[in-house]
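Could you walk me through this model in the viewer, one selection at a time? I would like to know what to pick next and what I will find there.

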Amino acid sequence: MPISLVKFPFRFQLIALMLATLAIIWGTAAWVVDRDRVQTIEVAQTRLVSLARAFGEHALSTIQRVDSLLLTLRQRWTEDPRGFSAEVERQQSGLADFATLVGIIDANGMVVFNSQSPDAKPIFSGDRDYYRALRESSDDSMVIGTPILGRISKKWSFPLSRKIDPTGPFAGVVFISIDPAYYSRFYDSLELKNEGVVAMVSKQGDVLARHPLGDTFQGTRITGTPYLDPNPSLRGSYRRVAQTDGVERLFGYYRLPLYGTTLIVGEPMASVMAQFRQRTKVTWTGAAVLSILLALLFLNLYRSAAAREANERATQVLNQELEQRVQERTAQLSAANKQLEAFGYSVAHDLRAPLRGIDGYSSLLLEDFGEKLGDTGRQYIENVRKGTAQMNELISDLLAYSHLEQQTLEKRDIQLQGAVAALVAEFHPGLTAASIACTNQVPDLIVSADPVALKVALRNLLDNAIKFTRNAANPSIGIAARDNGTFIQIWVKDNGPGFDMIYHDQIFEIFKRLNRAEDYPGTGIGLAIVRKAMERMGGRAWAESEPGKGACFWLEFPK
């Protein structure tokens, strides 16, 4: 059991590293897919709103054109009812492309003139909604009626109408009936996807015109859409299952408040998301391939670690049975350890080589094809480069941690003040760039330590302090030391966010983090390296902190 407790952790660390790496790969892939989904919908929303606005401007010009004709025609009717038919014929060239009927309804609700049959007997149309609205209205405004099946034209249309006399007693209305197919033809210029729709809707929600036209939309009233809210925005988008045909679509709309109408353009969600689904397949396939390659690399490392543990266990058994061969077996084990260390560096080189290739080809892609890739493509490439950089940093830190476990330390007397000053000088450019004030109050003390391990421990503490103070209001770091008679103690203090002491032991464990990597980047190995270095030198490392009050990290060396 003791042998297992000593030997298994390194393999567990490899497994943890593999799982962490896979989590990064699949987490990044999930982030890319989610971001692509959001961007796909946002781009489609922007496009549909723009198309709705184009449709709206087209409709507005037509409505204004009809309104101008209504004003002209009512004046002609008032001035010369007998010559009105001739005036309508004169205006016919401006009406033929969109109007089905021009008519006059008198104060009794009788159609006394219609352009299709000027000599026809009057028929009653006083029950039309637009007629009633104008009769009850006190102002002079144009009214757009709901779609109707004409009693005279026998065709579906929606009327635009005005009072004949806006100043005196109600004398009837003049109207022009608009063919819905005129607006549906505008669909062809919008280049919508299959099952795309365009529609004109009144402020009450009645569908005035729609493409595809169909036979069932007439009289349809739409409810529950944002442009029918009490205080709707001028333009916008929404997603819903269409009431007219049951297809889920993404819609863009544009309102014409002056005339109480809204123009909407919609495309099926299946069409909007088609290319996104193809890109998603590519993303998940790439993540799967990369995961398999990394799993094979980690498998080699795991087998190497397992072989090393098997060798050490065998050596211990032989030492117990054959004490006289202790020196021989120790020499053999030392040679095996060196070979394993060399093998570890060789494997790390093999790991870095494909990473350098990925980064290099990604850089070439940006340089040579950046403009063709577009903003989204360039962002994908940058994400790949960031991932390779993080993987490279993980490999370096893991090797440093492994090296501390395997190397033989050589203690010597070190002038602490000079060693700290030299290290601070190395960090000076980074401290200056981050505007971090760093004070060195280390006195002239001698500490017995391995130079490399001491420098590794101090370097990681300074790295840690800079990382957690760079976002502070007035970032500062203090380094000091003292001789308490039994130990030489060094501490590095910062004014970063600090942490709760209940997590004290976790922060020195490999791959344990208290903060998100997005907020404070790193590999999660630095403090584990500090503790490992101090343990190898016979000392210890610990920390003191409170949330929001910074942190102080201590190194203690026996005299």
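Here is a tour that goes from the cores to ring pairs, salt bridges and a surface patch.

**Stop 1: the cores**

Keep in mind that this is a predicted model. Start by selecting F158, L160, I176 and Y183, the residues with the most contacts inside the largest nonpolar core, which has 46 residues. Now colour helix α1, residues 2-79: this helix gives the most to the core, with 14 residues.

Stay with L160 for a moment and show its neighbours. Leaving out residues up to four places away in sequence, L160 touches I63, V66, L70, M142, V143, I144, V174, F175, I176 and I178. For the second, separate core, select A449, F499, F508 and L527, which are among its 42 residues.

**Stop 2: a buried threonine**

Next, pick T100, found in strand β1 (residues 99-106). Is T100 buried or exposed? With a relative accessible area of 16%, T100 is buried. Display its contacts and you should find Q116, S157, S177 and D179, again not counting residues up to four places away in sequence.

**Stop 3: aromatic rings**

There are 13 aromatic pairs in the structure. Select W77 and F84 to see one of them: the ring centres are 5.2 Å apart and the planes stand at 85 degrees, so this pair is edge-to-face. Both partners can be checked for burial: W77 is buried at a relative accessible area of 19%, and F84 is buried at 0%.

Then move to Y227 and Y238, a tilted pair with 6.0 Å centre to centre and 55 degrees between the planes. Y227 sits in the loop between β9 (207-211) and β10 (235-241), while Y238 is in strand β10, so the pair ties together parts eleven residues apart in sequence. Both of these tyrosines, Y227 and Y238, are buried. Add F251 and Y253 to the selection, and you have a cluster of Y227, Y238, F251 and Y253 linked by ring pairs.

**Stop 4: salt bridges**

The structure holds 19 salt bridges. Here are some to visit.

- Select R37 and D34, whose closest N and O atoms are 2.9 Å apart in a salt bridge. The two are three residues apart in helix α1, which means that about one helical turn separates R37 from D34. R37 is partly exposed, with a relative accessible area of 33%, and D34 is partly exposed too, with 39%.
- Select R279 and D36, which form a salt bridge with the closest N and O atoms 2.8 Å apart. What does this pair tie together? R279 lies in helix α6 and D36 in helix α1, so the bridge joins parts that are 243 residues apart in sequence. R279 is partly exposed at a relative accessible area of 31%, whereas D36 counts as buried at 6% relative accessibility.
- Select E556 and R540, another salt bridge, with the closest N and O atoms 2.9 Å apart. This pair links distant parts of the chain, 16 residues apart: E556 in strand β19 (residues 551-558) and R540 in strand β18 (residues 540-545). E556 is buried, with a relative accessible area of 7%, but R540 counts as partly exposed at 43% relative accessibility.

To see a network of salt bridges, select D67, R74, D140 and R162, which are linked in this way. Keep R74 on screen and add D165, in the loop between β6 (156-163) and β7 (172-178). D165 and R74 are 91 residues apart in sequence, and their C-alpha atoms are 7.7 Å apart in space. D165 is partly exposed, with a relative accessible area of 26%.

**Stop 5: a nonpolar patch on the surface**

Finally, switch on the surface and select V289, L290, I292, L293, L296, L299, I358 and V384. Together they form a nonpolar patch with about 650 Å² of accessible area. Which elements give two or more residues to the patch? They are α6 (274-321) and α7 (326-406). Helix α6 provides the largest share, six residues, and L293 is found in that helix, α6.

Conventions:
Residues are numbered from 1 along each chain as its sequence is written. This is a predicted model: local features need pLDDT of at least 70, side-chain atom pairs count only at pLDDT 80 or more; totals for chains, interfaces and linings use all residues. Side-chain values use heavy atoms; hydrogens and water are left out. Patches are made of residues with over 30% relative accessible area and no salt bridge: like charges are joined within 9 Å, nonpolar side chains (Val, Leu, Ile, Met, Phe, Trp, Tyr) within 5 Å. Accessible areas come from the Shrake-Rupley method with a 1.4 Å probe; for residues, only the protein chains shown count as cover. A salt bridge is a side-chain nitrogen of Lys or Arg within 4 Å of a carboxyl oxygen of Asp or Glu. Helices (H or I, at least four residues) and strands (E, at least two) are DSSP runs, numbered from the N terminus. A nonpolar core is a set of buried Ala, Val, Leu, Ile, Met, Phe, Trp, Tyr and Cys residues joined through side-chain atoms within 4.5 Å. Buried means under 20% relative accessible area, exposed over 50%, partly exposed in between (1.4 Å probe, protein chains only). Contact means heavy atoms within 4.5 Å. Rings of Phe, Tyr and Trp (its six-membered ring) pair if their centres lie within 6.5 Å; planes under 30 degrees apart count as stacked, over 60 as edge-to-face and the rest as tilted.
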